[in-house]
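Me: I would like to learn how to read a model of this kind step by step. Could you take me through its features in order, giving the general idea and then the case at hand?

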Amino acid sequence: MSNLAQVTGEISELNFGAIGYGLAAIGPGIGVGIVVGKTIEGTARQPELAGQLRTIMFLGIAFTEALALIGLVAGFIF
């Protein structure tokens, strides 16, 4: 009986980690969508700034995706 309880505990811990990372990935996913959408709007309004906007967009995506990596690491730590 104790082995069954031990296995069940391990399975639930793995499931909570997956759920936690899934929740942690929602914010960066929304953030990347907003950053790219606003860059497209800016490029449509002023096409001559497309190069500068693209550079800023990639920086914004990098910072936003760092949140997803922090969520992944936090899942392993906790």
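Me: How many helices and strands does the protein have?

Reply: A count of secondary-structure elements is a sensible place to begin, and in this predicted model the protein has 2 helices and 0 strands. Helix α1 covers residues 2–45, and helix α2 covers residues 50–77.

Me: What share of the residues counts as buried, and how much area does the protein expose?

Reply: Burial is read from relative accessible area, with under 20% as the cut-off. Of the 78 residues of the protein, 14% count as buried, while the exposed area comes to about 6000 Å², of which carbon and sulfur atoms supply 73%.

Me: Which residues form a nonpolar patch on the surface?

Reply: A patch is read by asking which nonpolar side chains with over 30% relative accessible area can be joined within 5 Å. Here Phe16, Ile19, Leu23, Ile26, Ile30 and Ile34 form such a patch, with about 640 Å² of accessible area together. One of these residues, phenylalanine 16, is found in helix α1 and is exposed, its relative accessible area being 61%.

Me: Is phenylalanine 63 buried or exposed, and where is its place?

Reply: Phenylalanine 63 has its place in helix α2, and because its relative accessible area is 61%, this residue counts as exposed. Its C-alpha atom is separated by 9.5 Å from that of valine 32, although the two residues are 31 residues apart along the chain.

Me: What does threonine 64 touch, and is it buried or exposed?

Reply: Threonine 64, also found in helix α2, has 13% relative accessibility and therefore counts as buried. When residues up to four places away in sequence are not counted, threonine 64 touches Pro28, Gly31, Val32 and Val35. In addition, a polar atom of the threonine 64 side chain lies 2.7 Å from the backbone oxygen of glycine 60.

Me: How many salt bridges does the structure hold, and which residue does lysine 38 pair with?

Reply: A salt bridge is judged by the distance between a side-chain nitrogen and a carboxyl oxygen, which has to be within 4 Å. The structure holds 1 salt bridge, in which lysine 38 pairs with glutamate 41, the closest N and O atoms being 3.9 Å apart. Because the two residues are 3 residues apart in helix α1, about one helical turn separates them. Lysine 38 is exposed at a relative accessible area of 52%, whereas glutamate 41, at 39%, is partly exposed.

Conventions
Residues are numbered from 1 along each chain as its sequence is written. This is a predicted model: local features need pLDDT of at least 70, side-chain atom pairs count only at pLDDT 80 or more; totals for chains, interfaces and linings use all residues. Side-chain values use heavy atoms; hydrogens and water are left out. Helices (H or I, at least four residues) and strands (E, at least two) are DSSP runs, numbered from the N terminus. Buried means under 20% relative accessible area, exposed over 50%, partly exposed in between (1.4 Å probe, protein chains only). Patches are made of residues with over 30% relative accessible area and no salt bridge: like charges are joined within 9 Å, nonpolar side chains (Val, Leu, Ile, Met, Phe, Trp, Tyr) within 5 Å. Accessible areas come from the Shrake-Rupley method with a 1.4 Å probe; for residues, only the protein chains shown count as cover. A polar contact is a pair of N or O atoms within 3.5 Å; within protein, one must be able to donate a hydrogen and the other to accept it, and residues adjacent in sequence count only if both atoms are side-chain atoms. Contact means heavy atoms within 4.5 Å.
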